[in-house]
Amino acid sequence: MKHFLILTILITGAATYAAAQTTRTLVYDGKATEVSVSAVAADHLWITTSDLTRATRFKIKPQGVCRDELCFPLPKNRKADFITRRGTIDWFNLAEFARMIKQPFVADQKNGVWYFGPLAAEQNGYLASLEAPNFTLPDLNGKLHSLTDFRGKKVLLVTWASW
Amino acid sequence: MAQDTGGAKDAGRWITAAKPDYTALVDEQQVVTQRYGMVNVPTGVWIDERGRIVRPNEVAFIDDRFKSFTKMESAPYIGAIRDWVQNGSKSVFVLSESELKARLKPQSADRARADVEFGLGEYLYQIGKGVEAIPHFQEAQRLDPDNWNYKRQAWALGDADRDYGTNFRKEVDKLNGKPYYEPHKLPEPKKRN
């Protein structure tokens, strides 16, 4: 009987852990990545710091949360809202970070998909420089072309659609 | 630059038939629509040799096949392009920095939210969850009601009347003769000797 009780507790513990740690799809920079999530709540997205870097290229550094030249310091009095350690794993609240830096995002809870848009500075940066926003897209053969490939030529960019 | 959520499946036959001698790309995440804040097709942007915008988003019909519907002639726009090609930065159609800054506006909060709702809808559609994409497309349309790209693309992916209670023709009829896609007024080309 005692063994049965212990086994029951072990199974229940494992099930609780499985429910607490599950996966979601994160679409960031237009690319979908499966990530582990913890403490699932409708308006929070806690992902491991290694998944943060894998999915978004952001890294936690002493000066803040950084990608390339861009760094966002975390408010000292609210650090626990963004980073926490559970056991041996460091978790990062990507939704709270997006709210702080005013990055648009939306979640579809039923399908477990979180979609993040561009950072406001990236979206509106060209308004000051007037430099046409770069993009890289495929032709019908799958060959990728970037707008910057056409430097030195005039470009007439025309959109159309089959619809 | 095909703005088609269906990607090459939807846009490919048109590109093949056109036999283009220019670069024809397929944009199944509508990246260009979002990055440039576009709201309709065809939209044209002129970019100079330094990669700088010299005319931002505007109506860009390059022939008259839709003239009976749009009431727009393509000739003035084509003439403007030719003038730019010949005269470069001296073309009367190249906008000054102050004119450009007056036309280019920061993205609104609603447009930013519309872009992510639409992007999420596209993602769900592309992984085979077309029905579950519909509420996200509807939300994008609610947030950015003048964005024909977000309406027409979503309507085209299923049965517009069934899924959205409307269709392109009905929505154009509601305009009661107001222009469906109004061009900027082009200046007269300079006479050159």
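**Exercise 1. Contacts and overall form of chain B**

Task: Determine what share of the contacts in chain B with a separation of 6 or more comes from residues 24 or more positions apart, and describe how compact chain B is for its 193 residues.

Solution: In this predicted model, residues 24 or more positions apart supply 48% of those contacts in chain B. The next step is to list the secondary structure, which in chain B amounts to 10 helices and four strands, arranged along the sequence as β-α-β-α-β-β-α-α-α-α-α-α-α-α. The radius of gyration of chain B is 18 Å, close to the 16 Å that the globule rule gives for 193 residues, so chain B is as compact as a globular protein of that length. Along the principal axes, the C-alpha atoms of chain B occupy a box of roughly 60 × 40 × 35 Å, and buried residues account for 37% of the 193 residues in chain B.

**Exercise 2. The two domains of chain B**

Task: State how chain B is divided into domains, and work out which kinds of residue form the side of domain 1 that touches domain 2.

Solution: Chain B splits into domain 1, covering 2-103, and domain 2, covering 109-173. The C-alpha centres of these two domains of chain B are 23 Å apart. Across the boundary, 11 residues of domain 1 of chain B are in contact with 11 residues of domain 2 of chain B. On the side of domain 1 of chain B that touches domain 2 of chain B, the residues divide into eight polar, three nonpolar and no charged.

**Exercise 3. Helix 6 and the nonpolar cores**

Task: Describe the span and burial of helix 6 of chain B, and find which element gives the most to the largest nonpolar core.

Solution: Helix 6 of chain B (residues 109-126) has 18 residues, and its first and last C-alpha atoms are 26 Å apart, close to the 26 Å expected at 1.5 Å a residue. Of its 18 residues, 14 are buried, and helix 6 of chain B is thus described as mostly covered. The helix is followed by B:Gly128, which has a positive phi near 90°.

Turning to the cores, the largest nonpolar core holds 38 residues, of which A:Val27, A:Ile47, A:Val113, A:Trp114, A:Tyr115 and B:Leu120 touch the most other members. Helix 6 of chain B gives the most to this core, with seven residues. Apart from this core lies another, of 26 residues, among them B:Ala24, B:Met38, B:Val45 and B:Tyr77. Leaving out residues up to four places away in sequence, A:Ile47 touches seven named partners in chain A, including A:Val35, A:Leu52, A:Trp91 and A:Phe92.

**Exercise 4. Unusual backbone geometry**

Task: Locate the cis peptide bond between B:Val41 and B:Pro42, and decide whether A:Asp68 and B:Asn176 are buried or exposed.

Solution: As background, most residues other than glycine have a negative phi, and most peptide bonds are trans. The bond joining B:Val41 and B:Pro42 is cis, with omega about -10°, and B:Pro42 sits in the loop between helix 2 (31-35) and strand 3 (43-47) of chain B.

A:Asp68, although not a glycine, has a positive phi of about 50°; its place is the loop between strand 5 (64-67) and strand 6 (70-72) of chain A. A residue is exposed if 12 or fewer other C-beta atoms lie within 10 Å of its own, and A:Asp68, with 7 within 10 Å, is therefore exposed.

B:Asn176 likewise has a positive phi, near 50°, and lies in the segment after helix 10 (168-173) of chain B. Because B:Asn176 has 6 C-beta neighbours inside 10 Å, this residue also counts as exposed.

Terms used:
Residues numbered from 1 in each chain as written. Chains lettered and ligands numbered in written order. Predicted model: local features only at pLDDT ≥ 70, side-chain atom pairs only at ≥ 80, totals over all residues. Helix = DSSP H or I, 4+ residues; strand = E, 2+ residues; numbered from the N terminus. Rg over C-alpha atoms; globule rule 2.2 N^0.38 Å. Buried ≥ 20, exposed ≤ 12 C-beta atoms within 10 Å, placed from the backbone. Contact = placed C-beta atoms within 7 Å. Expected span 1.5 Å × (residues − 1). Domains from an automatic or database assignment. Nonpolar A, V, L, I, M, F, W, Y, C, P; charged D, E, K, R; others polar. Core = buried A, V, L, I, M, F, W, Y, C linked by C-beta atoms within 7 Å.
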